[in-house]
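Visitor: I have some time with this model today. Could you walk me through how its parts fit together?

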Amino acid sequence: MRPELSTLIRLQGIDLEIRKLGLEKDELPDRFNALKELMAEKDAEIAELKEKLADIRTRKTEVEDELELESERLKKSQQKMSSVKNSREYQALSKEIEEIKKSNKAREDEILKLDEEIDELKAQVKEKGKEVEKLKKEMAAEKKRISKAGKEMDKKIAALTAERDEVAKEVKPDLMARYRFLAEKRAGIVVAAVDEGVCSACNMNIPPQMYNDLLRDEKLLFCPSCQRIIYALKV
Ligand SMILES: [Zn+2]
């Protein structure tokens with residue numbers, strides 16, 4: 001293999017590694033961001049539960065006030081009983097008293113039911129609060145991990161970049177320019193092996209004459225389809 005070709009292959013290997021680390025670094029905050037989204041959801045759920053709780057408490061106060069007023073009215077009606085003058089009046093008052101008692105019983109039942117709902121909602125708020133605390137801890141741990149892993153990746157990238165710059169010095173400027181151009185266009189894969197006349201990068205056939213030239217390994221050749229620098233895979 002021509003020496004400039006093996007240098008380019010080394011260069012490509014390092015560049016691909018740098019590229020891979022860069023992508024991994026970009027993905028580092030993914031989990032943190034997912035946790036953050038989850039946290040926002042939980043916060044919204046808690047706010048909704050608290051709103052419901054406030055509505056139910058308002059309703060409970062209303063019913064309690066009604067119960068108090070109606071209990072007063074009941075007392076007065078019961079007091080009136082001692083001074084009824086005839087059976088018609090007695091019946092009317094009895095009916096009124098029974099109705100108030102019935103309504104108040106319904107109010108008491110509703111208050112009990114509202115108390116149950118309040119307890120249930122309070123339990124839900126508490127439960128969600130615990131989930132939020134757990135998420136906060138996870139997020140803090142994740143932040144630490146991101147920072148640590150990011151620093152390690154930066155170190156690796158810096159070392160690889162230094163190594164890369166050393167290797168790049170061995171490449172002639174015009175070839176380097178071509179390498180850079182292709183690396184940009186072809187996602188970092190610049191040098192491709194040709195196996196039995198087929199470019200391994202783009203899977204297109206190399207013309208037979210060019211393939212013969214490639215086997216002789218006398219000069220640099222480029223794939224006519226993808227323009228990558230090619231070499232014959234020797235078996
Ligand atoms: Zn090709």
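Here is a short conversation about the fold, taken piece by piece.

Visitor: Before we start, is this model predicted or not predicted?

Guide: Happy to clear that up. What you see here is predicted.

Visitor: In what order do the strands of the sheet lie?

Guide: The sheet is open and holds 4 strands, with mixed pairing. On the mixed side of things, β1 and β4 run parallel and are joined by 4 bridges, whereas β1 and β2 pair in the antiparallel sense over 2 bridges. The β3 and β4 strands run antiparallel, with 2 bridges between them. Read across, the order is β2-β1-β4-β3.

Visitor: Which strands stand at the edges of the sheet?

Guide: The order across the sheet is β2-β1-β4-β3. An edge strand has a single partner, so one side of it is left without a neighbour in the sheet. The strands in that position are β2 (198–199) and β3 (221–222).

Visitor: Which residue in β4 is the bridge partner of Ala-192?

Guide: Ala-192 belongs to the pairing of β1 (residues 191–195) with β4 (residues 229–232). Further along, Ala-193 stands opposite Tyr-231, and Val-194 has Ala-232 as its bridge partner. For Ala-192, the partner is Ile-230.

Visitor: And which β4 residue is the bridge partner of Leu-221?

Guide: Leu-221 takes us to the antiparallel pairing of β3 with β4. We have already met its partner opposite Ala-192 in the β1 pairing. The residue is Ile-230.

Visitor: Are the side chains of β4 buried or exposed?

Guide: They point two ways from the strand: Ile-229 and Tyr-231 go one way, Ile-230 and Ala-232 the other. A residue needs 20 or more other C-beta atoms within 10 Å to count as buried. On both faces, these four residues are buried.

Visitor: What angle does helix α5 make with β4?

Guide: Helix α5 covers residues 208–216 and lies across β1, β3 and β4. Helix α1 (residues 3–27) also packs on the sheet, touching β1 and β4, and its direction makes about 115° with that of β1. For α5 against β4, the angle is about 70°.

Visitor: Does Phe-222 count as buried, partly exposed or exposed?

Guide: Phe-222 lies in strand β3. Beyond its neighbours within four places in sequence, Phe-222 is in contact with Gln-227, Arg-228, Ile-229 and Ile-230. Its C-beta has 15 neighbours inside 10 Å, and the buried class begins at 20 while the exposed class ends at 12. Phe-222 therefore counts as partly exposed.

Visitor: Which residue in the turn between β1 and β2 has a positive phi?

Guide: The two strands form a hairpin with 2 residues between them. The residue you are after is not a glycine, yet its phi is about 50°. With 10 C-beta neighbours inside 10 Å, it counts as exposed. It is Glu-196.

Visitor: What is the phi of Gln-227 in the hairpin of β3 and β4?

Guide: This hairpin has 6 residues between its strands. Another positive phi sits in the loop between α5 and β3, where Asp-217 has a value near 60°. For Gln-227, phi is positive and near 65°.

Visitor: How are α1 and α3 oriented relative to each other, roughly parallel or roughly antiparallel?

Guide: Helix α3 spans residues 87–169, and its axis lies 10 Å from that of α1. The contact involves many residues, including Leu-11, Ile-14 and Ile-18 of α1 and Met-153, Ile-157 and Leu-160 of α3. The packing angle is about 160°, and angles over 145 degrees count as antiparallel, so α1 is roughly antiparallel to α3.

Visitor: How do α2 and α3 pass each other, in a left-handed or a right-handed crossing?

Guide: The axes of α2 (residues 30–80) and α3 come within 7 Å and cross at roughly 165°. The two helices are therefore roughly antiparallel. Their crossing is left-handed.

Visitor: How many Å separate the centres of domain 1 and domain 2?

Guide: The domain assignment gives domain 1 as 26–166 and domain 2 as 173–232. Taken over C-alpha atoms, the separation of their centres is 67 Å.

Key: Residues are numbered from 1 along each chain as its sequence is written. This is a predicted model: local features need pLDDT of at least 70, side-chain atom pairs count only at pLDDT 80 or more; totals for chains, interfaces and linings use all residues. Two strands pair if DSSP finds at least two bridges between them. Two residues are in contact if their C-beta atoms, placed from the backbone, lie within 7 Å. Axes are lines fitted to C-alpha atoms, for helices over the stretch in contact, and angles run from 0 to 180 degrees between N-to-C directions. Domain bounds come from an automatic or database domain assignment. Angles under 35 degrees count as roughly parallel, over 145 as roughly antiparallel, 65 to 115 as roughly perpendicular and the rest as oblique. A crossing is left-handed if the near helix is turned anticlockwise from the far one by less than a right angle, and right-handed if clockwise.
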